[in-house]
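Me: I'd like to go through how the helices and strands in this model fit together. Can we take it one question at a time?

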Amino acid sequence: MVTPGFKNATTMGTLQQAQTEALLSLLNLNNPLEQSASPPNLTVTKSVATTTSKFSTSTAPLVWKVLVLDQQTKDVFATVLRVQDLRDVGVTLHVQLHSTRPPLRDVPAVYFVSPTLANIRRIAEDLEKCLYESFHLNFVEPLPRALLEELAASAASAGTGELVEQVIDQYLSFIAPSPSLFSLLSPLPAQPLGSSQPSRHYAYQFLNSPSSSEQQIEDEVERIANGLFSAVVTAGHVPIIRAPKGNAAEMVAKKLEQKIRDALLTSSRTHGATTLFSQDSSGLSSLQRPLLLILDRNVDLVPMISHGWTYQALVSDCLDMKLNRVVVTQPQKRAYDLDSKDFFWARNAANPFPQVAEEIDSELNKYKQDAAEITRSTGVSDVNDISQLDLTSNAAHLKTAVTQLPELTARKATLDTHMNLATTLLEQIKKRGLDELFSIEEAINKQTVASILETLRAPRPDGVFTPEDKLRLVLVFYLSSPNNAVSKDDIAELEKELKSVGVDVAAFEYVRRMRDISRMTVSAVVGGTSTPVLGSGQGELFRGFTALGNRLTDRLKEGGLENLISGVKNFLPANKLLPVTRLTEALMDPSAASNQSLTETDDYVFLDPRGHRHAQVGVGATGVTSGPSAGGASGHGRAKRMAFAEGMVFIVGGASYVEYGNLEEWAGKTGKRLTYGGTEIVDPEGFVSILGTLGKTST
């Protein structure tokens, strides 16, 4: 077994950084880049040919190459690397595996594809045609032995085995749109009979559908465990795993523990070789090891359907957002890329929208000041006229201007992007009354059936709430109410009101049936008041709205935007912990958690892949310790409470930007390092659609 070099990191970056580094190393023919260590998530399964890589050191010259992707791996690259990044590491062309490709017999090819039979057969065809000088085969997940043998047999039959330089498992089957946010790579969508559009795969729908067989659910749990294993491998450290008992989260946790345990066993048998968790081989103390909390989506459905007030939550709710690309259709269709390279998005995505308005105004003022300084020093009236300067008399100023101009231009383009997005969001907020809905949902525990009905029926200056928003408000109210607090007559009245505006109540019916069966209840929020914090009319955030309104009005020469902004309620989200954040706090910082949260999490399964398989964890109902109980064991007893500095929270059934923002806020206040992920990131409209589909299939 050939083993590439691995880094022994002393400092831990984000999951997105680790994935980006692994992808760049992959593009460098799995050699470490200069001034960069090799990624921690590569392992060679078996080389079809016995030849070694032509370039094995970081001082090797840049090799120009072709990148071959499939539909799934294209998404992995799209979230973290841009075309220019590919050029910088020598990729001159990136193409789809199953497209028609001309031969380039003097250029090496880097394949990064899913380990499927169709892909293996297409690679075998490429080998037979000798399309490229050499083949560096990388698979997003481990390549099954049967497919490896088929590939080897095909290469041997065609006599092209010497063209294959590498066959490598890259544990990268997840998407990281933000530094601390990830979702699993979805399987290829199936195309239902009689439909022209493929149906997207949703784990929540699949795991909760009565039409799913036990074998299908088992396969889905295996798929989720594989994807989560990729994220854990990329993070580079063996976690302590906790999960509630009796649901899909426990099934995923047990499968994941077995996969990590098998990887560690393989590592112990390959003395001197570098393996998946090599950077963790020294055995981090329990104080340093991270927590992995796996939860089932049914622990709290409210964040999936509630109306958010942060920038990223509103973008996800109001606009078409996929893989960091946002599409705006009005006034004309335009697409914008929002990623960690976008300084404004990276800084403000999790901020309340009024604060974003303030930041746009502040950044525009900074830009104007910097542009004015350049024009003053060079004597031109506009930064775009710098190229017309007299080179002999303004050489020094020209050098300064030319140095600063690219950064200024890029900054202006970024601010233009967010100005356009803010305009669109403001229009949506006003049109749909999102500020009113958010305000009601923030104080949902104070609402009654009568007040909800009054809200649904009350006329608004800009028209009634949309049917979908009304349904979401009713769902949030019902899920936030204590068991049996909403009578059958109240439910009938709510349904009647929803049906009167054309709402399909299948989602409401499904949630009610599910709650009747499981007596699911949303845990009470803690940590602050549930009442929105209203700002004064002359407050900082209000001035942000006013300034933004003035900018937009001046720019678009329209008189209606000032009225639009003045009608938007100005408030901040309440200081509270959502249920998933509350459970995370109980497991990572038990000394600050409530007794209710601690009692709830004490019964979670405790799995330590480094511990003895059948040892039981000692009971410590009140003791707080910095490490596992005796032996660092793995078992199903109650674990002693532990403190963690770093953690990963994974939701089986889908992640939400509302929940993500709440966790980030808590992590920022407590100094914890936290990564949040789910089987997929689902927008509220999409999740309500899933509930509706389940409601129809469950009848």
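Me: How are α16 and α24 oriented to each other: roughly parallel, roughly perpendicular or oblique?
Reply: Bear in mind that this is a predicted model. Helix α16 (residues 467–480) packs against helix α24 (residues 684–697) at about 70 degrees, and their axes are 11 Å apart. Angles from 65 to 115 degrees count as roughly perpendicular. So α16 and α24 are roughly perpendicular to each other.

Me: And how many charged residues are in the contact of α16 with α24?
Reply: On the α16 side you've got E468, L471, R472 and L475, while α24 brings P684, E685, V688 and L691. Sorted by class, that contact has 5 nonpolar residues and no polar ones, and the charged count is 3.

Me: Which residues of α16 meet α14?
Reply: Helix α14 (residues 434–442) packs with α16 at an angle of about 10 degrees, the axes being 11 Å apart. That is under the 35 degrees used as the limit, so α14 and α16 are roughly parallel to each other. By class, their contact holds 5 nonpolar, no polar and 3 charged residues. From α14, L434, L437, I440 and E441 take part, and in α16 they meet D469, R472, L473 and V476.

Me: Back to α24: which residue of that helix forms an aromatic pair with Y204, and how far apart are the two in the chain?
Reply: The count of aromatic pairs comes to 14. In one of them, Y204 pairs with F687 at 5.1 Å centre to centre, with 55 degrees between the planes, which makes it tilted. The pair links distant parts of the chain, with Y204 in helix α6 (residues 203–208) and F687 in helix α24. The residue you're after is F687, and the separation is 483 residues.

Me: What about α7 and α8: are they roughly parallel to each other or oblique?
Reply: The axes of helix α7 (residues 214–235) and helix α8 (residues 248–269) come within 9 Å and cross at roughly 50 degrees. That angle is neither under 35 degrees nor in the range from 65 to 115. Therefore α7 and α8 are oblique to each other.

Me: Is the crossing of α7 and α8 left-handed or right-handed, and how many nonpolar residues does their contact have?
Reply: α7 passes α8 in a right-handed crossing. Among the contact residues are I217, V221, L228 and F229 of α7, along with M251, L256 and I260 of α8. The contact includes 1 polar and 4 charged residues, and its nonpolar count is 12.

Me: On to the sheets. Which are the edge strands of the open sheet of 7 strands?
Reply: The order is β7-β8-β20-β19-β10-β9-β16, and the pairing is mixed. Neighbouring strands are turned by 20 degrees against each other on average, ignoring direction. Two strands pair on one side only, and those edge strands are β7 (174–178) and β16 (605–607).

Me: Which residue in β20 is the bridge partner of V649?
Reply: Strand β19 (residues 646–652) and strand β20 (residues 673–678) pair in the parallel sense over 6 bridges. Within β20, the partner of V649 is Y676.

Me: Which strands does helix α23 lie across?
Reply: Helix α23 (residues 657–670) runs at about 170 degrees to β20. The strands it lies across are β7, β8 (181–184), β19 and β20.

Me: Last one: in the open sheet of 3 strands, which residue of β12 does D320 stand opposite?
Reply: That sheet has the order β11-β12-β13 with antiparallel pairing, and its edge strands are β11 (320–322) and β13 (334–337). The twist averages 20 degrees from one strand to the next. β11 and strand β12 (residues 325–328) pair in the antiparallel sense over 3 bridges. Opposite D320, in β12, stands V327.

Notes: Residues numbered from 1 in each chain as written. Predicted model: local features only at pLDDT ≥ 70, side-chain atom pairs only at ≥ 80, totals over all residues. Heavy atoms only, no water. Axes fitted to C-alpha atoms, helices over the stretch in contact; angles between N-to-C directions. Helix = DSSP H or I, 4+ residues; strand = E, 2+ residues; numbered from the N terminus. Parallel < 35°, antiparallel > 145°, perpendicular 65-115°, else oblique. Left-handed = near helix turned anticlockwise from the far one by under 90°. Contact = heavy atoms within 4.5 Å. Nonpolar A, V, L, I, M, F, W, Y, C, P; charged D, E, K, R; others polar. Pairing = 2+ DSSP bridges. Phe/Tyr/Trp six-rings, centres within 6.5 Å; stacked < 30°, edge-to-face > 60°.
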